[in-house]
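Hello,

Here is the structure you asked about, with notes on what turned up when I went through it. The notes follow the order in which I would look at the parts.

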Amino acid sequence: MRAVVMQDRRVRLTELPEPVPGEGEVLVEVLACGICGSDLHCAQHGAEFNASMRAAHGVDVLDLDRPIVFGHEFVGQVVAYGPGTTGRVPIGGRVVSVPSLVRPDRPFLGFSGPESPGGYAERMVLSEELVLEVPDHVETEEAALTEPLAVAYHAVVRADLRPDDVPLVVGCGPIGLAIIAVLRMRGVGPIVAADFSVERRRLAESLGADLIVDPTQTSPYEAWREAAASAGGQPTATSGTSGTQLRPTVAFECVGVPGVIQQIVIGSPERSRIVVAGLCMTPDSFEPAQALVKELDLRFAFMYSPGEFARAFEHLVKGEFQIAPLITRTIGLDEVPEAFAKLSSSPSDAKVLIVPGR
């Protein structure tokens, strides 16, 4: 079968053996798979990602000596079942799944080798007990957004949102935009969103942000402060020496570039919560004393639980996310290497979907 592999920081299209479903597993044809920012980061900074995972959990996620088949944001169509399965989803049915297999080594799909390919391939194997069937009324392309929505859902859960919170989303790439969609679904607002790209600011507005900020023209933090002071509701914080009463504020860092955390620390009102969802692969620093005297809460959000994945999918199925604008382009497998070369500097793309059958 055709698949895109990454090795030695190079992404290329190749032929791989057909995957074979084992005990309790199902073979699916990949209908669509999103390109995630973590794929781009790991292609260029795989060693650094392994070092972080090794320090945190004692394991290397990526085997950089072998080809890796990316793709953990996928929707597939059932084509065959392995032994010990129930066949609960009919052949031809569409499914999504958390990107993992129920095996002793629990491979993380999208970061494993050719024996457990991710969604950058024509076919892949999933564990039957983890798949969720996609109802007929849900578009395939939107179903492929389940995984990034789960990431955003978890980041919002980590924020411990309260009814009067005023959120700021810094960076309107795919995760920032998905967080806006989750915040809108939760009825939180006003939502302040900031990005240098005019195209992404338009996407943020279409996904439900209330106040859109161009950082070259206006300070996102001043706009956030003003929104928290004028939005009504119950003030619970004070803005520095001015004495202005503010509603509680929570910022989502969705950039993953060194220096942004410190910018948010400087710009945040007292007692703000900061949730870091951007994946930064290089060392960073901030001024702890500034965060301390403001009594800021700094939290980090990574991945999600299976339950959060299922809840994000349930909201999607019910039509509670307005997420269609998040998809800005679809490509075939042969276009992936070029897309990787362009995406890291693209000011206009949000979620690019790979359609292997295209």
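**A bent helix**

Helix α1 bends by about 100° at histidine 45. This is a predicted model, so please read what follows as a description of a prediction. The bend goes with a short end-to-end distance: α1 (residues 37-57) spans only 22 Å between its end C-alpha atoms, while a straight helix of 21 residues would span 30 Å at 1.5 Å a residue. Glycine 58, which follows α1, has a positive phi near 80°.

Several residues of α1 are buried, including Leu40, Cys42, Ala43, Gly46, Phe49 and Met53. Polar ones are on that list too: Ser38, Asp39 and Asn50 are buried. The elements that the buried residues of α1 pack against are β1 (2-7), β3 (25-34) and α10 (336-343).

**The hairpin at the start**

One of those partners, β1, pairs with strand β2 (residues 10-15) in the antiparallel sense, over six bridges. Valine 5 stands opposite arginine 12 of β2. Two residues lie between β1 and β2 in this hairpin, and aspartate 8 in the turn has a positive phi of about 55°.

**A straight helix and the core around it**

Helix α3 offers a contrast to α1. Its 13 residues reach 18 Å from the first C-alpha to the last, close to the 18 Å expected at 1.5 Å a residue. Eleven of the 13 are buried, so to speak a mostly covered helix; among them are Thr146, Glu147, Leu149, Tyr153, His154 and Val156. Just after α3, aspartate 160 takes a positive phi of about 50°.

Leu149 also appears in the largest nonpolar core, which has 50 residues. Along with Val169, Leu177, Ile179, Ile180, Leu183 and Phe252, Leu149 has the most contacts inside this core. The elements giving two or more residues to the core are α3 (146-158), α4 (174-186), α5 (198-206), β13 (249-253) and α9 (306-317). Apart from this core lies another, of 42 residues, with Leu16, Leu62, Val336 and Phe340 among them.

Which residues does leucine 149 touch, leaving aside its neighbours within four places in sequence? The contacts are Ala178, Val182, Ala312, Leu316, Phe321 and Ile323.

**Valine 213**

Valine 213 sits in strand β10 (residues 211-213). With a relative accessible area of 3%, valine 213 is buried. Not counting residues up to four places away in sequence, valine 213 touches Val192, Ala193, Ala194, Asp195, Arg201, Thr218, Ser219, Pro220 and Ala223. Ala312, one of the contacts of leucine 149, is elsewhere: the C-alpha atoms of valine 213 and alanine 312 are separated by 27 Å, and the two are 99 residues apart along the chain.

**Cysteines**

How many disulfides does the structure hold? The count is zero. For cysteine 254, the nearest cysteine sulfur is that of cysteine 172, 7.9 Å away. Cysteine 254 is buried, at a relative accessible area of 12%.

Why is cysteine 280 without a bond? The closest cysteine sulfur, in cysteine 42, is 13 Å from the sulfur of cysteine 280, which is too far. Cysteine 280 counts as partly exposed, because its relative accessibility is 27% and buried means under 20%.

Regards

Note on methods: Residues numbered from 1 in each chain as written. Predicted model: local features only at pLDDT ≥ 70, side-chain atom pairs only at ≥ 80, totals over all residues. Heavy atoms only, no water. Core = buried A, V, L, I, M, F, W, Y, C linked by side-chain atoms within 4.5 Å. Buried < 20%, exposed > 50% of the residue type's maximum accessible area, 1.4 Å probe, protein only. Helix = DSSP H or I, 4+ residues; strand = E, 2+ residues; numbered from the N terminus. Contact = heavy atoms within 4.5 Å. Expected span 1.5 Å × (residues − 1). Bend = angle between axes of the 7 residues up to and from the residue. Disulfide = S-S within 2.5 Å. Pairing = 2+ DSSP bridges.
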